[in-house]
Amino acid sequence: MTHRTLVRALLTSAVLAAGILLAGCDSDQISLAQNAKANQPVTPKLLAAMVEKDMDLQSPMLVRLFKQEAELEIWKQDRSGRMALLKTYPICRWSGDLGPKVREGDRQAPEGFYSINPSQMNPQSAYYLSFNTGYPNAFDKALGRTGSQLMVHGDCSSRGCYAMTDEQIAEIYSLGRESFFGGQKAFQLQAYPFRMTPVNMAKHRNNPNMPFWKMIKEGYDHFEVTKQEPKVDFCEKKYVFDAVKAPNAVRDPVFDASAKCPAYVIPDEIASAVREKEQQDAAETSKLVSKGTPVARLNTGIDGGMNAIFASKIPEGNTGLSEGGDSQALQSMSLARAPGTIPGTVNPPRPNLAVQQEQPVVATTSSTTPSPTTRVASANASDKSEGFFSSFARKVGIGGAADATPAAAAPKPPAAAAAAPAKPKVAEAKPQSVVRVAPKAEPEQAAKPAPKPSVTDTAAAAPAPAATGTQLAGSAPVVQSNSFDTRFSAVK
């Protein structure tokens, strides 16, 4: 019986693909599958998983993304009408920090609830296949947030996007395509900084984004208790989930993200279940805080994250802001097979020099000396009290401006003239000259070069990074030669 169902599903997928190629009047179908990449059938392994989980090939789907865990989940509706987890994909690369996207060019991958319709699917993507997240939504716009072309795509390279391998995005794309062919008008994408568990809420309790995270956690909880896609509305610059018209109301409430909330209610069965979950989570979070759960470090300057399975395959790879980055964990995964082809130009998370300079210094409550990562906004040359090596480096022209202060040093008086910009220090493995270019605005509209060469960056346009505990003050940083910045010159 199971075998017959699987064969029938395979035949159905093949017939649909053939029909799309012959169709000439359905713009949605043409836009979804107009080339061989976009027409790939759902894999037999996924079809078998659907049969096992009592799902139909063309049933509705839902996507959840988690930055800290670097995972993407695909949920599909089973025959009971509830959503069930079909597959979890490790994310190859995401950029920015934990927190929502705020402005064009900040390299942030968005967080929140977004709706993906067929017009947002891009079979002609320069990054194999992609779909647009729909950022900014009405909530983002009400807050004046800007940005465009924020995608989920292949090629394992990110500058504000969620990047998978080509093989992964091919599977995800095919699942979305089949759900649309089955009648789903749009599937929901939920993007989170981390799984909204008491442990993570306790770890990040001092993060300035916590009010926003608590708000989207309501939607997370609605999905967790109902296993149904939550209905999302916006009013008074906030999210509202599963709202329906109030008793005795003549018509459904009309929502405006910037206006006062209309009269609405949340169904009792949902509201009570969510309230119970929230109370349990809050109690557990308080217990963890009272036990001294360490607070996650803020403003690390690391540009995004990468799942450990990918980081373990890359020389000197690390997971950045994602979990599992210790050397022992990466070593244990080094023999595991990666879920897809990792491009030779892939770059693991590292401090982003341009963004690092823009980050404000974080105030501390301690009266002790600042941590090695504390940055001082200064472009002045060091005075006579600087170290010998720092002074020597500056005088011969290989040092940058004094943009960081050693932990034990007192503040320096401003100098009359700014120091000369740092000269690039070329990585030994790359003979080309290296110049780091400051990141451009989000939309990348130029054509992507076809073969993927090893890409070099330049350091002329970006100031020298802040000194850390492992870098001598005034010295020039080592600039990685295969940064993402120059790779994003093409339309996603």
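Strand β10 (residues 187-192) has two faces: F187, L189 and A191 point one way, Q188, Q190 and Y192 the other way, and all are buried. Strands here are DSSP E runs of at least two residues, helices are H or I runs of at least four, and both are numbered from the N terminus. Buried means under 20% relative accessible area, with a 1.4 Å probe and protein chains only. In a regular strand the side chains alternate between the two faces of the sheet. Six of the six residues of β10 are buried, so the strand is largely enclosed by the rest of the structure.

This is a predicted model: local features need pLDDT of at least 70, side-chain atom pairs count only at pLDDT 80 or more, and totals for chains, interfaces and linings use all residues. Residues are numbered from 1 along each chain as its sequence is written, and side-chain values use heavy atoms, without hydrogens or water.

Now the partners of β10. Strand β1 (residues 61-66) runs parallel to β10, joined by five bridges. F66 has Y192 as its bridge partner. Strand β5 (residues 112-116) pairs with β10 in the antiparallel sense, also over five bridges. There, S115 is matched with Q188. Two strands pair if DSSP finds at least two bridges between them.

L189 leads into the core. It touches V63, L65, G112, F113, Y114, I116, F131 and V152 (heavy atoms within 4.5 Å), leaving aside residues up to four places away in sequence. The largest nonpolar core has 62 residues, and L189 is among those with the most contacts inside it. Such a core joins buried Ala, Val, Leu, Ile, Met, Phe, Trp, Tyr and Cys residues through side-chain atoms within 4.5 Å.

How values were computed
Buried means under 20% relative accessible area, exposed over 50%, partly exposed in between (1.4 Å probe, protein chains only).
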